[in-house]
Amino acid sequence: MPTHVPVFIATTLLLAMLPGASQALMIRQVLEGGQRTVRGTLAGNATGFLLWSTAAAAGLSAVLLASPTAYAVLRIAGGIVLMILGVNTLRTALTTVSTRPPREGGRRTGFAGGYLTGLITNLGNPKAGVFAVSVLPQFVTAEGPVFLSTVALGALWALVSASWYMLLTWAVSRGRALVSQPTVLRGLSVTTGVVLLGLGAAVVAGV
């Protein structure tokens, strides 16, 4: 059974709080999408954590990390996805945001679109796989149902991360009166786009 659950929760919470692709994506979705899009992104991101942990439990992540070619393909694909999101965010910031104030809810892609974006972004991040295969086993004992225990920790990982992102998106949404100002929103969108582009380039480069 899983051990040191409080330590695991603290670890995953700190990881979620670190600036990265998921945080940039969540802010982007709040600024450009509606609540359904945000909820879909949260669900897709959480599903990605569950898939990574299940793959780790089944040993697939270890196989992936042992294959330089497979790892490189996944890393490059994930980086390209992040870069595309960055380009789209910058394009929106430099065209729509700069010419008129955004409508309430911004551009809506719906739950399905948000879900797919969150899922692809998560699965396109090989660092999540590294965490799943290298950190999750440290919190599982050799006794008991190791597979189920690892999957359970993955579910907890997804829950902790989703809780933090829900708090983050709530805070950004509450500050919409401020960020809805064209100048502020443009600055946030440009910053988010640059972060996504930089993260995507770093992932592609293997940094």
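Let me start with Leu156, which, leaving aside its neighbours within four places in sequence, is in contact with Val5, Phe8 and Ile9. Please bear in mind throughout that this is a predicted model. Leu156 lies in helix H8. Its relative accessible area is 21%, and the residue is therefore partly exposed, given that buried means under 20%. The C-alpha atom of Leu156 is also 9.8 Å from that of Ala46, although the two residues are 110 positions apart in sequence.

The three partners of Leu156 lead us to the pairing of helices H1 and H8. Helix H1 covers residues 5–17 and helix H8 covers residues 146–174; their axes are 9 Å apart and the packing angle is about 45°. H1 and H8 are therefore oblique to each other. The crossing of H1 over H8 is right-handed. On the H1 side, the contact is made by Val5, Phe8, Ile9, Thr12, Leu13, Ala16 and Met17. On the H8 side, Leu153, Leu156, Trp157, Val160, Ser161, Trp164 and Tyr165 take part. Which classes of residue make up this contact of H1 with H8? There are 12 nonpolar residues, two polar ones and no charged ones.

H8 also bears on the annotation. The unreviewed UniProt entry places the feature "transmembrane region" at residues 48–66, 73–94, 146–172 and 184–205. One of these spans, residues 146–172, is 100% helix and 0% strand in the model, with its end C-alpha atoms 39 Å apart.

Allow me to step back to the chain as a whole. The chain has 10 helices and zero strands, so the order of elements from the N terminus on reads α-α-α-α-α-α-α-α-α-α. Of the 207 residues in the chain, 41% are buried. Among contacts with a separation of 6 or more, 87% are between residues 24 or more positions apart.

I turn now to helix H6 and its pairings. The first partner I shall discuss is helix H2, residues 21–32, with H6 itself spanning residues 110–123. The axes of H2 and H6 come within 10 Å and cross at roughly 165°. That angle makes H2 roughly antiparallel to H6, because angles over 145 degrees are classed in this way. As for handedness, H2 passes H6 in a right-handed crossing. The residues that meet are Ala21, Leu25 and Gln29 from H2, and Gly114, Thr117, Gly118 and Thr121 from H6. By class, this contact of H2 with H6 has two nonpolar, five polar and no charged residues.

The next partner of H6 is helix H3, residues 35–58. Here the axes come within 6 Å and cross at roughly 35°. H3, too, passes H6 in a right-handed crossing. Its contact with H6 has eight nonpolar, 11 polar and two charged residues.

One residue of H6 deserves separate attention, namely Gly118. Is Gly118 buried or exposed? It counts as buried, since its relative accessibility is 0%. Leaving aside neighbours within four places in sequence, Gly118 is in contact with Leu25, Thr41, Gly44 and Asn45. Of these partners, Leu25 is among the H2 residues that meet H6. The C-alpha atom of Gly118 is separated by 8.7 Å from that of Met26, which is 92 residues away along the chain.

Two further residues illustrate pairs that are remote in sequence. Trp52 has its place in helix H3 and counts as buried, at 7% relative accessibility. Between the C-alpha atoms of Trp52 and Gly154 there are 7.7 Å, with 102 residues separating the two along the chain. Thr92, for its part, is found in helix H5, residues 68–99. Thr92 also counts as buried, at 14% relative accessibility. Its C-alpha atom is separated by 8.0 Å from that of Ser189, which is 97 residues away along the chain.

To close, I return to the two pairings of H1 with H8 and H2 with H6. The former is oblique and its contact has 12 nonpolar residues. The latter is roughly antiparallel and its contact has five polar residues.

Key
Residues are numbered from 1 along each chain as its sequence is written. This is a predicted model: local features need pLDDT of at least 70, side-chain atom pairs count only at pLDDT 80 or more; totals for chains, interfaces and linings use all residues. Side-chain values use heavy atoms; hydrogens and water are left out. Axes are lines fitted to C-alpha atoms, for helices over the stretch in contact, and angles run from 0 to 180 degrees between N-to-C directions. Helices (H or I, at least four residues) and strands (E, at least two) are DSSP runs, numbered from the N terminus. Angles under 35 degrees count as roughly parallel, over 145 as roughly antiparallel, 65 to 115 as roughly perpendicular and the rest as oblique. A crossing is left-handed if the near helix is turned anticlockwise from the far one by less than a right angle, and right-handed if clockwise. Contact means heavy atoms within 4.5 Å. Ala, Val, Leu, Ile, Met, Phe, Trp, Tyr, Cys and Pro count as nonpolar, Asp, Glu, Lys and Arg as charged, and the others, Gly among them, as polar. UniProt positions are given in the numbering used here, feature names are shortened, and annotations may be inferred rather than shown by experiment. Buried means under 20% relative accessible area, exposed over 50%, partly exposed in between (1.4 Å probe, protein chains only).
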